[in-house]
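Got the viewer open? Here's a short walk through the model, one selection at a time.

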Amino acid sequence: MAEGLLDEKRPLAGFLDADGIRDSVDSLRAAFAPRPGVRVLHTFAAKAGSLIPVLRLLADCGMGCEVAGPGELRLAVEAGFSPAHIVLDSPAKTRDELRLALALGVAVAADGLGEIRRIEELRSPGSPSVLGLRVNPQVGGGSIGATSTATAASRFGVALRDPGARERVVRAFAERPWLTRLHTHVGSQGGSLDLIAAGIAETYRLAEEINSSLGTHRVAGIGIGGGLPDDFADDEARPDFAEYAAALRAAAPGIFDGRYDLVTEFGSSLLAGNGFIGARVEYTKDAGGRRIALTHAGAPIATGTVFMPAASPLRVGAFDEAGRPRGGPPMVQDIAGPCSFTGDIVAHTRKLPELREGDFVTLQDTRGYHFSTPWAHNSLPRPAVYGFAGEAGGLRFAPVREAQSLDSVAAESGLRQADALTGLHGRH
Ligand SMILES: *Cc1c(COP(=O)(O)O)cnc(C)c1O
C-alpha cells in the first residue's frame with residue numbers, strides 16, 4: 001500500500017514472493033538430492049503459474065516445464081526453457097500441436113494408444129523428442145473428485161487395470177523402439193502421499209515388466225507427475241517434498257537406484273505459500289443475520305476456491321485502510337466477491353476482526369492457479385500481479401502482469417466485430 005499498488009483505484013492485486021519460489025525449488029532439489037547416476041529433471045506444471053515472468057524465474061532456477069496445450073507450450077518457449085526441458089502432456093493434442101512439439105524437440109507424453117499411432121505417423125526418424133506414454137495406474141481417487149486422475153474411469157492415460165490394457169501397452173513398446181518413457185500423474189490436490197506413491201510404484205512395475213519382456217532397458221525414464229497437496233493451515237508446507245520423496249522411496253525403492261531418469265511435474269506446491277491476493281473491502285452489509293464483506297476478490301481470481309471451497313480453505317487477513325492489521329474481537333463474516341451470482345464467496349463464516357468499508361483483506365496461499373488463470377465472468381478486468389523480494393522495510397516490487405484495461409476488455413469481447421450480427425441476415 002505504501003507503494004501505491006493497492007488503493008481505492010486499484011482495489012485488487014496479486015503478489016508473488018520471488019525469494020520464496022526460489023526457496024521452494026531448493027527444497028524440491030534437496031528432497032531428490034542426486035544419488036550417483038540418478039538423473040532428475042524437475043519441471044514446473046505451467047498451469048499452476050502461467051505467467052511468463054514466473055516461468056522465466058523457474059527456468060532461471062534450472063527447472064524444466066510441463067505444458068498442456070499450445071498456449072502453455074508457447075509461454076514455456078517465450079520464458080526461455082530449452083525444448084529438451086519441456087514436456088507436453090495435454091490429453092487432446094492436435095496433429096499441429098504434435099508436429100510443433102516434434103519439430104522443437106519437446107518431450108511428449110502420449111495420452112493413449114491412439115495418440116501413439118498419430119506420433120508414429122508424424123515423427124521423423126531422427127526426432128530429438130523423448131517420447132513416452134501416460135498410464136493411469138487406477139489406484140483410486142483422493143478426497144477431491146474433480147482433481148483425481150487415477151480413478152478407474154479417469155480420462156487420462158491408458159487405464160492399466162482394464163482387461164488387456166497392460167498387454168496392449170507392452171506390445172506398443174515392443175513394436176516401437178522410439179517409445180522410451182512412461183508417465184503418470186496421480187492427481188492434483190486431495191491425494192495422500194501413499195496414494196500418489198502407490199500410483200508411481202505401479203508405473204515403475206510396468207516399466208520393469210516392459211524392460212524384462214523386451215530383454216532391454218527400453219523404458220529409460222519415468223515421469224512421476226506432481227500433485228503434492230497444499231496445506232492451507234499455516235506457512236509451513238506439510239507434507240513437504242522430503243516426505244514425498246521418502247514415501248516414494250518406501251513404495252518403489254528401485255525407482256531411485258539409477259536405472260531410470262525421473263521427471264517430476266510439481267505445480268501448485270512450488271508456489272504454495274509464495275503468493276497472496278490483496279483486495280479492498282468496497283462495502284459491508286448484513287443479510288439473514290450474517291455480516292458480509294463485499295470485496296473484489298471473488299470467482300474471477302479465485303475460481304477454484306469459489307466453486308470448491310472445501311478444497312482450498314484460504315486464510316484471510318484483515319487490515320485497515322492504511323494497511324495495519326485490524327484488531328478487535330472476532331466476528332463471523334463472509335468474504336464475498338464482485339460477481340453477480342450468489343455463490344461468489346471466497347471465505348465462508350470466518351471469524352475476523354470486524355471489517356469496514358475501505359479496509360483490505362489478504363487471501364493467503366493464493367498463487368498461480370488463482371491470479372494467473374482468471375475467469376472473465378461479468379467481463380471483470382484482470383488485476384495486476386506483482387512480484388516482491390526482500391524483507392519488511394526493504395521490500396522491492398516488480399510488475400509481473402499489468403492490470404487489464406477496459407479497452408482490452410472491449411477488444412477481447414469483439415469490439416472490432418461489433419456489427420457482425422446486426423449485419424448478418426438470413427430469413428430477415
Ligand atoms: C496439474 C498437473 C500437474 C501439477 O499438479 P500440481 O497439483 O499442481 O502439482 C502435473 N502433471 C500433470 C499432467 C498435471 O495435469
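**Stop one: a tucked-away proline**

Start by selecting P137: with a relative accessibility of 1%, P137 counts as buried. You'll find P137 in the loop that runs between β6 (131-136) and β7 (158-159). Keep in mind that this is a predicted model. Now add Q404 to the selection and draw a C-alpha to C-alpha distance: P137 and Q404 sit 42 Å apart in space, with their positions 267 residues apart in sequence.

**Stop two: E265**

Next, jump to strand β10 (residues 261-266) and pick out E265. Which side chain of opposite charge is nearest to E265? That's R134, but R134 is 6.3 Å away, and a salt bridge needs the charged atoms within 4 Å. E265 is buried and has no salt bridge. What E265 does have is a side-chain polar contact with H183, at 2.6 Å. Show the surroundings and, leaving out residues up to four places away in sequence, you'll see E265 touching a set that includes T43, E66, D89, H183, H185 and G225.

**Stop three: the ligand**

Stay with E265 and bring up the ligand: 14 residues surround the ligand, and E265 is among those that come nearest, along with K47, G227, S268 and Y369. Now click through some polar atoms:

- K47: a polar side-chain atom is 2.9 Å from a ligand oxygen.
- G227: a backbone N or O atom lies 2.8 Å from an oxygen atom of the ligand.
- G267: a polar backbone atom is 3.0 Å from a ligand oxygen.

To finish, switch on the surface: the ligand taken alone exposes 390 Å², and the protein buries 92% of that.

Terms used: Residues are numbered from 1 along each chain as its sequence is written. This is a predicted model: local features need pLDDT of at least 70, side-chain atom pairs count only at pLDDT 80 or more; totals for chains, interfaces and linings use all residues. Side-chain values use heavy atoms; hydrogens and water are left out. Helices (H or I, at least four residues) and strands (E, at least two) are DSSP runs, numbered from the N terminus. Buried means under 20% relative accessible area, exposed over 50%, partly exposed in between (1.4 Å probe, protein chains only). Lys and Arg count as positive and Asp and Glu as negative; His and the chain ends are not counted. A polar contact is a pair of N or O atoms within 3.5 Å; within protein, one must be able to donate a hydrogen and the other to accept it, and residues adjacent in sequence count only if both atoms are side-chain atoms. Contact means heavy atoms within 4.5 Å. A residue is near a molecule or strand if one of its heavy atoms lies within 4 Å of it. Accessible areas come from the Shrake-Rupley method with a 1.4 Å probe; for residues, only the protein chains shown count as cover.
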